[in-house]
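Colleague: Please take me through one part of this model in detail, with the cut-offs spelled out as you go. I'd like to hear about the smaller of the enclosed spaces and what surrounds it.

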Amino acid sequence: MAKVNMNMVTEVQPIQRRDFEPETLGLINPHNVGTAADPIYLLDGEFLTFNNEYKLNREGPNPGSPAAVGGALLDPTGADTAAKVPCYPLWAERGRWDVQAIRKMPVLFIGPFEADFSEDVLAAGDVFAVGDKLYVNWLSNGTDRNRRRGLTKVMGTNSGADLAIPHAVVTRVHSSGLYKVRALVVQPSL
Amino acid sequence: MSVSEQFNELFFDKAASAEGRDKLAEYGGSYIRDKLREVSFLRKILPFQPVTKRECQRSVNHDTLVRIRDIEPNSRAMALTFRGRPTARYIRGARYEIPFFTIASEKFEKTEQELLAYEMPITKIIEDNSVKDIQEIEDREGLRHFESAVQAMQEGVNGVSGNRLSGDLKGFNSSNLRAGDVESIRVTKGEGALARTTDDFIVEPIQRNDFIDLFNLLDGSRLRLERMLLTEPDWNDVCRWTVDDFGDKLQSETTVDGYKYGQLIGRKVVRTIKTNILRRGCIYGFAPPDFIGDAYVLNETKFYIDKVMNLMTWASWEDIGIGVGNIAAMCKLELFSGSVTPGFDLAGPAPVTDPGYAAKLPVAEDDLDEVNNRADEGLTFPQVNSF
């Protein structure tokens, strides 16, 4: 079974869940290692935004940020890398066949919830503490570092009028505080 | 009180109690299930079979059910001398998984008070339309499976030196086809499209030879094209054929009644008016269903209805699975010159489609609810602001 990286703690029923198409099909191919033209496959608990075609990708129109390129390694401490627009967590573990069959991805779209996030969708460089604000940014964790976007304390630097917006707050820190965090996510974050 | 108004009232009254909701759900469920079989073009190409959980397997990779089906094993015979022995084959049969997914109507909502303002049985109409809406998505998903299959077959020959893995993927357009840079394995162009000097998406009327070229894609590879799927406008273009194509008898008939047979040049025809799903100029050919794959409906079509205070909510959905076990069992005729080939030429990297290609792919789901009337803009006639 695929590993679950975002484990819901609160009820699913009150959350508005929506299915959207990915910007590129490589995002839902569980074997896609990522190339310059084809970004690496998504994990549940990664955060996505809309592009201009109402499709989801990792970065979307983040004001001031350079366009996301699948194969590039992006530095979360760079300018304008933390999300300045609402992002939505993917709620489908890697390799689900319903996702691949209809080429749509379910995201938790509207409504607050609490969930445990694993190390694969968290920035390992952070030492989390209860009450920390979490931003959506490129992750510096694991073999896929700098190619996935998830929750992190790293806000980076901002240029222009738009500031990075917090998407969640840490409610519980498991074990060492590096690898598993329970967070309260508020959707949409504005 | 009219029958329509009575239905609206009955709908609301029944939804007020658990028993009533069960009855409405039962009614809605049975009605929907019956209509779906009748109207989906996908089901004429790949008939749906009902399955239950017992016939499916739990996936070890994710948290859903799949159905696993066997694919015919290969074998051959050989001529031998009296002293020879046949070569051995350690037999092995491939198998494949069919995933399931849900198709649902919108979740409809209406307050009791606003429902009183309708003379038409709006809830009944919505139910009827839900059937058609679900059927449209069924067809759209099925068509995307078929398009993926023919494009996957083409991928290996869409380029001089192989496929996109070698960095030389080329779009399947008329220019590349004429130049020999791409080949027809499961997609071909019509005569009119091939003669165009620009690669665009203008549809050229179908010619008799175009059908033969389509048939030969399957008939030439130990399969037989059994039926075709085409749009009503493309079908109408058949009526443009002259006496040279039809002969005296058929030409006379066609002039009076149109072409009224269910088959053409010996192959069955499935027609559709859903030109926003199957786009004009795209004609598919299929081998018999048992050469293609499987389609399943998991359990029954479900109908949900609820009433909280004065607000009614209802929806319907089905869980289906579509699998193409043999992607070589279908082919496509394109009556336009442009390329809809998916993927990138890695030398660029650049897409290998031609500008405007989206016009020949199914429209987005969000765009399927377009209406023809302009009543919301005040455009009904006669009306006071007409002059």
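Modeller: Here's the space itself, then the charged pairs, then the domains. This is a predicted model, so local features need pLDDT of at least 70 and side-chain atom pairs count only at pLDDT 80 or more, while totals for chains, interfaces and linings use all residues. Residues are numbered from 1 along each chain as its sequence is written, chains are lettered from A and ligands numbered from 1 in the order written, and side-chain values use heavy atoms, without hydrogens or water.

Searching the whole structure turns up two cavities of 30 Å³ or more (a cavity being points on a 1 Å grid over the protein atoms alone where a 1.4 Å probe fits but cannot get out, with lining residues having an atom within 4 Å of a point). The largest has a volume of about 100 Å³, and the residues closest to its centre include Ile28(A), Leu42(A) and Glu93(A). The one you asked about, the second largest, comes to about 60 Å³ (the space filled by probe spheres on points joined across faces, edges and corners).

Its wall is in chain B. Leu143(B) and Glu147(B) line this second cavity, together with Ile277(B), Leu278(B), Arg279(B), Cys282(B) and Tyr284(B). Lys332(B), Lys360(B), Leu361(B) and Pro362(B) complete the lining. Both α5 and β10 of chain B supply at least two of the lining residues (DSSP runs numbered from the N terminus: helices H or I, at least four residues; strands E, at least two).

Two of those lining residues, Glu147(B) and Lys332(B), also pair up: they form a salt bridge whose closest N and O atoms are 3.1 Å apart (a Lys or Arg side-chain nitrogen within 4 Å of an Asp or Glu carboxyl oxygen). Another salt bridge joins Asp139(B) and Lys274(B), at 2.3 Å from N to O. Asp139(B) sits in helix α5 (residues 122–155) and Lys274(B) in the loop between β9 (267–272) and β10 (282–286) of chain B, so this pair ties together parts 135 residues apart in sequence. Over all chains, the structure has 33 salt bridges.

Now zoom out to the domains of chain B. Domain 1 takes in 1–72 + 93–158 + 294–323, and domain 2 takes in 166–287 + 326–364 (bounds from an automatic or database assignment). Contact between them involves 21 residues of domain 1 and 32 of domain 2 (heavy atoms within 4.5 Å). The rule finds two salt bridges across that interface.

How values were computed: On a 1 Å grid over the protein atoms alone, a cavity is a set of points where a 1.4 Å probe fits but cannot get out, and a pocket is an open set with protein on both sides within 12 Å along at least five of seven lines; lining residues have an atom within 4 Å of a point.
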